[in-house]
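Please examine the structure shown below. The report that follows takes up one helix, the backbone and a pocket in turn.

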Amino acid sequence: MTTFKLLMFLSLQMFFTTMSSIQAANSKLFREYIGAENNGVTFEEVPVDSKVEFHFILSFAIDYTQSNHPTPTNGNFNVFWDTQNLTPAHVSAIKARHRNAKVALSLGGDTVSNKYAYFSPTSINSWVRNAIDSIVQITKKYHLDGIDIDYEHFQTDPNTFAECIGRLLFYLKQNKIVSFTSIAPYENDAVQPYYLALWRKYGHLIDYVNFQFYAYDKGTTINQFLKHFEIQSSNYKGGKILVSFGTDGSGGLSPEHGFFEACARLQRQGKLHGIFIWSADDSKKAHFRYEKQSQTFLASIK
């Protein structure tokens with residue numbers, strides 16, 4: 001083989017290897033938070049496209065008491081989502097109806113009884129012990145597949161948060177209690193350091209980063225959105241960063257202003273790992289218009 005032909009062969013090999021890696025990086029994963037606002041939304045109402053991988057994320061399990069004046073419990077989690085319309089039987093039914101659907105639960109959230117829900121452990125060991133016991137019970141009762149971490153307020157230091165959550169994730173994965181995990185950070189100096197500390201120590205246990213791009217300012221442009229994506233991809237290096245928008249009137253890049261064009265650009269670059277929406281509760285009034293559009297977009301990826 002001549003030197004020229006050898007170089008051409010190697011160039012073509014590199015090209016096809018690159019194309020293969022780009023195609024492999026693009027995901028058909030769609031995720032949606034559900035149940036936080038107790039407005040009667042059900043799994044059955046939300047459209048599920050058979051051509052995507054669909055994750056419902058029940059919102060939220062919180063380590064607070066279920067009283068008129070909730071207080072922290074040091075890792076003893078209780079269910080705070082809509083338990084009338086999102087029961088264990090409903091979970092089993094939606095998974096039986098849609099073989100591509102899985103159901104996870106999210107821990108923490110923004111508020112409990114209209115007050116901030118704080119991550120407030122007494123100690124690492126006691127919190128982890130209590131969290132394991134209570135989360136295992138909930139996951140088994142509800143037939144759940146995964147866990148998401150969405151704490152947004154903290155009464156401890158980043159290292160304690162990282163150790164508590166990291167050890168919990170390790171146990172749940174090691175013992176096959178859950179098959180996938182995710183975190184839901186957003187750009188805020190009071191939030192990011194906690195998730196970055198967790199990522200540095202236990203990032204190998206985290207399958208998806210549900211980055212809250214809707215926490216950026218309203219009126220975010222496509223170029224600004226893509227810049228935000230690159231920054232967070234660098235922060236959570238090697239992670240599967242999912243893009244997102246809210247149907248609750250929050251900020252970020254909306255579908256009306258180019259969200260799916262931004263997704264198409266990321267898809268062409270092999271950087272689209274999936275889409276998630278906050279939340280089904282808010283989307284109900286518009287008959288899940290953007291859930292349909294998001295899944296149609298993902299399903300079209302070759």
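## Helix 6

On one side of helix 6, N223, K227 and S234 are exposed, and on the other side I222, F225, L226, H228, F229 and Q232 are buried, where buried means under 20% relative accessible area, exposed over 50% and partly exposed in between (1.4 Å probe, protein chains only). The buried residues lie on the same side of helix 6 because they cover an arc of only 155° around the axis, the arc being that of the directions from the helix axis to the C-beta atoms. Among the elements that cover these buried residues are helix 5 (192-202), strand 12 (241-246) and helix 7 (259-268).

This is a predicted model, in which local features need pLDDT of at least 70 and side-chain atom pairs count only at pLDDT 80 or more, while totals for chains, interfaces and linings use all residues. Residues are numbered from 1 along each chain as its sequence is written, and side-chain values use heavy atoms, with hydrogens and water left out. Helices (H or I, at least four residues) and strands (E, at least two) are DSSP runs, numbered from the N terminus.

## Backbone features

A cis peptide bond, with omega about 5°, joins S59 and F60, and F60 belongs to strand 2. The peptide bond from W278 to S279 is also cis, with omega near -5°; S279 is placed in the loop between strand 13 (275-278) and helix 8 (280-283).

Although S113 is not a glycine, its phi is positive, at about 50°, and S113 lies in the loop between strand 5 and strand 6 (115-116), where its relative accessibility of 46% makes it partly exposed. F288, likewise a residue other than glycine, has a positive phi near 60° and sits in the loop between helix 8 and helix 9 (289-299), but F288 is buried, with a relative accessible area of 5%.

## The largest pocket

The largest pocket holds about 380 Å³ of space; a pocket here is an open set of points on a 1 Å grid over the protein atoms alone, where a 1.4 Å probe fits, with protein on both sides within 12 Å along at least five of seven lines, and lining residues have an atom within 4 Å of a point. Grid points are joined across faces, edges and corners, and the volume is the space filled by probe spheres set on the points. Of the 16 lining residues, A36, F60, D110, T111 and W278 are the closest to the centre of the pocket, and the elements that give two or more residues to the lining are strand 2 (53-62) and strand 5 (111-112).

How values were computed:
Contact means heavy atoms within 4.5 Å.
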